[in-house]
Amino acid sequence: MKHGDLVRAFYRDGGFGSVKWAGPFHGFICMTPDDNENGVWQMWCIERNAYHIIRPWHDKVEIVSEA
C-alpha cells in the first residue's frame, strides 16, 4: 500500500480472534509507517468522514485501486 491507494477495510468486531467483521469501509491511504518514526497505516474513511488507523496484520485490507 502507498499514499493515495483506494482501499476497502473490514475491522474485527468483537476483539482479537473474532470471526465477525465490521465494514466494509472505503478510504484513501494518507499515512504509512515509512512517513516518520511514529508513522502508522492510516486511511481517510469516505463513509465516516474521518481518519482510521488500519492494521494489516489484524484487519482485512484490500486495495481497490492503486494511486
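The following conversation goes through a predicted model and asks what stands behind the words used to describe it.

Biologist: Before the details, how do you know how confident the predictor is in this chain?

Modeller: The predictor gives each residue a confidence, the pLDDT, from 0 to 100, and the mean for this chain is 92, with 94% of the residues reaching 70 or more. Among the elements, E1 has the lowest mean pLDDT, 93, and E3 the highest, 97.

Biologist: What makes the strands a sheet, and in which order do they lie?

Modeller: There are 5 strands, and they form an open sheet in the order E4-E3-E2-E1-E5, with antiparallel pairing. The edges are E4 and strand E5 (60–65), each of which pairs on one side only. From one strand to the next the twist averages 40°.

Biologist: Why are E1 and E2 called paired?

Modeller: Two strands pair if at least two bridges are found between them, and E1 and E2 are joined in the antiparallel sense over 6 bridges, so the pairing criterion is met. In one of these places leucine 6 has phenylalanine 28 in E2 as its bridge partner.

Biologist: How many bridges support the pairings of E1 with E5 and of E3 with E4?

Modeller: E1 is joined to E5 by 5 bridges, and these two strands run antiparallel; here phenylalanine 10 stands opposite lysine 60 in E5. Strand E3 (residues 42–45) and strand E4 (residues 50–53) are also antiparallel and are joined by 4 bridges, with cysteine 45 opposite alanine 50 in E4. With at least two bridges required, both sets of strands therefore count as paired.

Biologist: What is unusual about the backbone at asparagine 49?

Modeller: Most residues other than glycine have a negative phi. Asparagine 49 has a positive phi of about 55° although it is not a glycine. This residue sits in the loop between E3 and E4, and the hairpin of these strands has 4 residues between them.

Biologist: Is asparagine 49 buried or exposed, and how do you know?

Modeller: The relative accessible area of asparagine 49 is 57%, and because the word exposed applies over 50%, asparagine 49 is called exposed.

Biologist: And what about the peptide bond between glycine 23 and proline 24: is it cis or trans?

Modeller: The bond from glycine 23 to proline 24 is cis, with omega near 15°, whereas most peptide bonds are trans. Proline 24 has its place in strand E2, and it is among the residues that phenylalanine 10 touches, as are Trp21, Ala22 and Gly23.

Biologist: Where does phenylalanine 10 lie, and how far is it from phenylalanine 25?

Modeller: Phenylalanine 10 lies in strand E1. Along the sequence phenylalanine 10 and phenylalanine 25 are 15 residues apart, while their C-alpha atoms are 6.5 Å apart in space.

Biologist: How many aromatic pairs does the structure hold, and why is the one between tyrosine 11 and phenylalanine 25 called tilted?

Modeller: The structure holds 2 aromatic pairs. The ring centres of tyrosine 11 and phenylalanine 25 are 5.4 Å apart, with the planes at 40°; because pairing needs centres within 6.5 Å, and planes count as stacked under 30 degrees and as edge-to-face over 60, this pair is tilted. The pair links distant parts of the chain, tyrosine 11 being in strand E1 and phenylalanine 25 in strand E2 (residues 21–31), 14 residues apart. Buried means under 20% relative accessible area, so the word fits tyrosine 11 at 15% and phenylalanine 25 at 11%.

Biologist: What makes the pair of tryptophan 44 and tyrosine 51 edge-to-face?

Modeller: Their ring centres are 4.8 Å apart and their planes stand at 75°, and as this angle is over 60 degrees the pair is edge-to-face. Tryptophan 44, at 30% relative accessible area, is partly exposed, whereas tyrosine 51, at 54%, counts as exposed.

Biologist: Why is aspartate 5 called buried, and what does its side chain reach?

Modeller: Aspartate 5 lies in the segment before strand E1 (6–12), and its relative accessible area is 1%; since buried means under 20%, the term applies to aspartate 5. Its side chain reaches the backbone nitrogen of alanine 67 at 2.8 Å, and a polar atom of that side chain lies 3.0 Å from the backbone nitrogen of lysine 2. Aspartate 5 also touches residues including Gly27, Phe28, Ile29 and Ile63.

How values were computed:
Residues are numbered from 1 along each chain as its sequence is written. This is a predicted model: local features need pLDDT of at least 70, side-chain atom pairs count only at pLDDT 80 or more; totals for chains, interfaces and linings use all residues. Side-chain values use heavy atoms; hydrogens and water are left out. Buried means under 20% relative accessible area, exposed over 50%, partly exposed in between (1.4 Å probe, protein chains only). A polar contact is a pair of N or O atoms within 3.5 Å; within protein, one must be able to donate a hydrogen and the other to accept it, and residues adjacent in sequence count only if both atoms are side-chain atoms. Contact means heavy atoms within 4.5 Å. Axes are lines fitted to C-alpha atoms, for helices over the stretch in contact, and angles run from 0 to 180 degrees between N-to-C directions. Rings of Phe, Tyr and Trp (its six-membered ring) pair if their centres lie within 6.5 Å; planes under 30 degrees apart count as stacked, over 60 as edge-to-face and the rest as tilted. Lists of a residue's contacts leave out its neighbours within four places in sequence.
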